[in-house]
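Visitor: Please choose one part of this model and examine it closely. I should like to know how it is built, what it packs against, and how its surroundings compare with the rest of the chain.

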Amino acid sequence: MTTQTAEVSERHVLTITVDNEAGILAKIAGLFTARGYNIDSLTVADITETHEVSRITIVTQGPPSVIDQIRAQLERLVPVHKVVDLTEVGPYVERELALIKVAGMGNDRVEALRVADIFRAKVVDTTTSSFVFELTGAPDKINTFVALMKELGLVEVSRSGVVGMVRGKEAA
C-alpha cells in the first residue's frame with residue numbers, strides 16, 4: 001500500500017524585475033503555458049525614468065514545489081534581474097483597481113450608492129440610469145463589492161490585476 005501526500009495549492013504573488021524589451025512578457029507567459037501553470041493575475045509597468053526596466057507582478061497558485069520550480073525557471077530567463085515571492089518574504093501590501101458599471105433606477109440606484117460609500121468606491125461616471133464606480137483595494141474587497149452589485153444591476157467589470165510591494169523601508 002502506497003501513501004501519497006498531496007501538496008496543498010497556495011496562492012503566491014511574484015514580482016519579476018526585467019529588462020524592458022520586446023518579447024519578455026511573451027517569454028514569461030510562454031514559460032507558464034508550456035508547463036501548464038495558470039496565471040490568475042498579471043500586471044506590467046515600466047519602473048525607471050529611462051524606460052529600461054519593468055516590473056511584472058504575477059499571481060499564481062500551486063503547491064510549494066511547483067512555486068519553487070516557477071521561481072527557478074523565471075530566474076534562468078536572461079532578461080530577468082530578480083524574482084521575489086512576496087508571499088514568502090514577509091508582510092506585503094497588495095492592491096488592485098477595478099471599474100464597475102452598474103445600471104439601475106429608483107431604490108437599486110440609491111442602494112448601489114450606499115454600498116459604494118461603505119466600500120469607499122468613487123463614482124467616476126454617471127448617467128440617469130447607470131454609474132461607473134472606481135474601487136481600489138485587496139482582491140477580496142473587490143470580489144465582495146462585485147458580488148453585492150450583481151444584485152443591484154451589475155453590467156460590466158474591468159480589473160487592473162494585482163500589484164504588490166513588501167512593507168517597510170527596504171526594497172524587495
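Guide: The expected span of a helix is 1.5 Å multiplied by one less than its number of residues. The model shown is a predicted one, and the part examined here is helix α2, residues 64-76. With 13 residues, α2 should span 18 Å at 1.5 Å a residue; its end C-alpha atoms lie 19 Å apart, and the two values therefore agree.

The side chains of the helix come next. Which residues of α2 are buried? They are Val66, Ile67, Ile70, Gln73 and Leu74. Viewed down the axis of α2, these buried residues fall within an arc of 130°, so they line one face of the helix. The spacing has a general background: an α-helix has 3.6 residues a turn, so residues three or four places apart point the same way. The partners of the buried residues of α2 are β1 (10-19), α1 (24-34), β3 and β4 (80-85).

Of these partners, α1 deserves particular attention. Two packed helices are described by the angle between their axes and the distance between the axes. For α1 and α2 the angle is about 145° and the axes are 11 Å apart; the crossing of α1 past α2 is right-handed. On the α1 side the contact is made by Ile28, Leu31 and Phe32, and on the α2 side by Ile70, Gln73 and Leu74.

Helix α1 can be read in the manner of α2. Its buried residues are Ile24, Ile28, Leu31 and Phe32. They cover an arc of only 95° around the axis, which places them on the same side of α1. Ala26, Thr33 and Ala34, on the other side of α1, are exposed. Besides α2, the buried residues of α1 pack against β1, β2 and β3. Just after α1 comes Gly36, with a positive phi of about 75°.

Both helices contribute to the largest nonpolar core. That core has 17 residues, of which Ile16, Val18, Ile28, Phe32, Ile70 and Leu74 touch the most other members. The elements giving two or more residues to this core are β1, α1, β3, α2 and β4. Ile28 illustrates the packing: leaving aside its neighbours within four places in sequence, it is in contact with Ile16, Val18, Ile56, Ile58, Leu74 and Leu77. Another core, of 16 residues, lies apart from this one and includes Ala98, Ala116, Leu135 and Phe145.

The approach to α2 along the chain begins in β3 (residues 53-62), the strand that holds Thr57. Thr57 counts as buried because its relative accessibility is 3%, the limit for that term being under 20%. Not counting residues up to four places away in sequence, Thr57 touches Val13, Leu14, Thr15, Ser41, Leu42, Thr43, Val162, Val163 and Gly164. Pro63 is found in the loop between β3 and α2. With neighbours within four places set aside, the contacts of Pro63 are Glu7, Val8, Ser9 and Glu10. Val163 is 100 residues from Pro63 in sequence, and the two C-alpha atoms are 22 Å apart in space.

A comparison with α4 (106-118) completes the view. Helix α4 has 13 residues and reaches 19 Å from its first C-alpha to its last, close to the 18 Å expected at 1.5 Å a residue. Its buried residues are Arg109, Ala112, Val115 and Ala116. The arc they cover around the axis is only 130°, which puts them on the same side of α4; Asn107, Val110, Asp117 and Ile118 are exposed on the other side. The buried residues of α4 pack against β5 (92-103), β6, β7 (130-137) and α5 (139-150).

Two loop residues merit a note on the backbone. Most residues other than glycine have a negative phi. Arg120, which is not a glycine, nevertheless has a positive phi near 60°. Arg120 follows α4 and lies in the loop between α4 and β6 (122-126); it counts as exposed because its relative accessibility is 75%. His51, likewise not a glycine, has a positive phi of about 60°, and its place is the loop between β2 (39-46) and β3.

How values were computed: Residues are numbered from 1 along each chain as its sequence is written. This is a predicted model: local features need pLDDT of at least 70, side-chain atom pairs count only at pLDDT 80 or more; totals for chains, interfaces and linings use all residues. Side-chain values use heavy atoms; hydrogens and water are left out. Helices (H or I, at least four residues) and strands (E, at least two) are DSSP runs, numbered from the N terminus. Buried means under 20% relative accessible area, exposed over 50%, partly exposed in between (1.4 Å probe, protein chains only). Contact means heavy atoms within 4.5 Å. The arc is that of the directions from the helix axis to the C-beta atoms. A nonpolar core is a set of buried Ala, Val, Leu, Ile, Met, Phe, Trp, Tyr and Cys residues joined through side-chain atoms within 4.5 Å. Axes are lines fitted to C-alpha atoms, for helices over the stretch in contact, and angles run from 0 to 180 degrees between N-to-C directions. A crossing is left-handed if the near helix is turned anticlockwise from the far one by less than a right angle, and right-handed if clockwise.
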